[in-house]
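Dear colleague,

Please find below the structure that I am handing over to you. A summary of what was found in it follows.

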Amino acid sequence: MSATMLRRHHDDEPATWPRYLRPALMTAAVLAIAVVAAQALAPLVNPPVDSIRIDGAMTRLKAADIALAADLEPDQRLFDTDLLELRARIEALPWVSSAQVSRVWPDKLAVKLTERTPFARWGESRVIDRDSRVFTPASSEIPQELPLLSAPPGHEAEAAAVFEELRLRLSGNAFAPMGLSLDARGEWRMTSRIGIELRLGQGDPRTRVPLILGTVSDTLNAQLEKVAYVDLRYSNGFSVGWKDGVSPLASATAKPADGTTH
């Protein structure tokens, strides 16, 4: 066989890729197949979120509130959802105390809620819950029958605890509290259920309870409807402010700052 014939025979062989390129080509082919497969399987493995399941008792919250706060995209996929971000958006709702968010395959998100339990109104536009946390709901959602508390920042838990004990110890008494305030000077004031203001002064106002239940109640029991305030900031008694400015009592228990006696 001549050299010319050998060369022609070689030229007639089918072209092939160089051997050193074959692994790369195989890898590219596998990746391409994987991409196509992933795209085909994505709706099965990572489906769009179909619904949000809400667990937990809700009195003031509504499912629509949760859905609105979640703010999911129309094609939001289950495993692409940032659960921490979603939880933060839900917990930003005023009446949500805490939330836990989880995925439920194949196509649901589960939200476990704890709703705030209101303890009292806090100032004019806020509410303090049973955990002594102050929050701001819509004004129409603030229960006006709640007691009214106020205190400087950082004293929320103290004011709530003092009020709760005063309410328990004065329960059934005309001076049972419906409001309590602490001002920047450390002065406490309490409003009774019948609208009488008690000026409790500085220090722990709970130390005034025996005086309220004893001498104050005994002295004023028959004249309560005429009382505007009772000043308990004295070391040896109390003074009374009358709605009409005239005292119906003949005896005195302390001498107030204005020089009159009650």
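**Findings**

The protein exposes about 15900 Å², of which carbon and sulfur atoms supply 55%. Please bear in mind that this is a predicted model. The protein has 262 residues, and 34% of them count as buried. Its secondary structure consists of six helices and 12 strands. Among contacts with a separation of 6 or more, 45% are between residues 24 or more positions apart.

I turn next to the nonpolar interior. The largest nonpolar core has 32 residues, and F175, L180, L198, L220 and V230 are those with the most contacts inside it. At least two residues of this core come from each of β4, α5, β8 (177-182), β9 (188-192), β10 (197-201), α6 (209-220), β11 (227-231) and β12 (239-242). The helix α5 gives the most, with five residues. Another core, of 20 residues, lies apart from the largest one; A70, V96, L109 and V111 are among its members.

V230 deserves a separate entry. Leaving aside residues up to four places away in sequence, V230 touches F175, L198 and L220, and also I196, E197, R199, V216, F238 and S239. R199, one of these neighbours of V230, lies over the face of Y229, at 3.7 Å from the ring centre.

As to aromatic pairs, the structure holds two. In one of them, W95 and F135 meet edge-to-face, at 4.9 Å centre to centre and with 75 degrees between the planes. W95 lies in the loop between α4 (83-91) and β2 (96-104), whereas F135 belongs to strand β6 (residues 134-135), so the pair ties together parts that are 40 residues apart in sequence. Both W95 and F135 are buried.

The other pair, F119 and F163, is also edge-to-face, with 6.1 Å centre to centre and 90 degrees between the planes. This pair links distant parts of the chain, 44 residues apart: F119 is in strand β4 (residues 118-122) and F163 is in helix α5 (residues 156-169). Both F119 and F163 are buried. The elements that hold them, β4 and α5, are also among those that supply at least two residues each to the largest core.

Finally, W95 has a charged neighbour in addition to its aromatic partner F135. The charged end of R60 sits over the ring of W95, 4.8 Å from its centre.

With kind regards

Methods. Residues numbered from 1 in each chain as written. Predicted model: local features only at pLDDT ≥ 70, side-chain atom pairs only at ≥ 80, totals over all residues. Heavy atoms only, no water. Helix = DSSP H or I, 4+ residues; strand = E, 2+ residues; numbered from the N terminus. Buried < 20%, exposed > 50% of the residue type's maximum accessible area, 1.4 Å probe, protein only. Contact = heavy atoms within 4.5 Å. Areas by Shrake-Rupley, 256 points an atom, 1.4 Å probe, with all protein chains shown as cover. Phe/Tyr/Trp six-rings, centres within 6.5 Å; stacked < 30°, edge-to-face > 60°. Lys NZ or Arg CZ within 6 Å of the ring centre and 35° of its normal. Core = buried A, V, L, I, M, F, W, Y, C linked by side-chain atoms within 4.5 Å.
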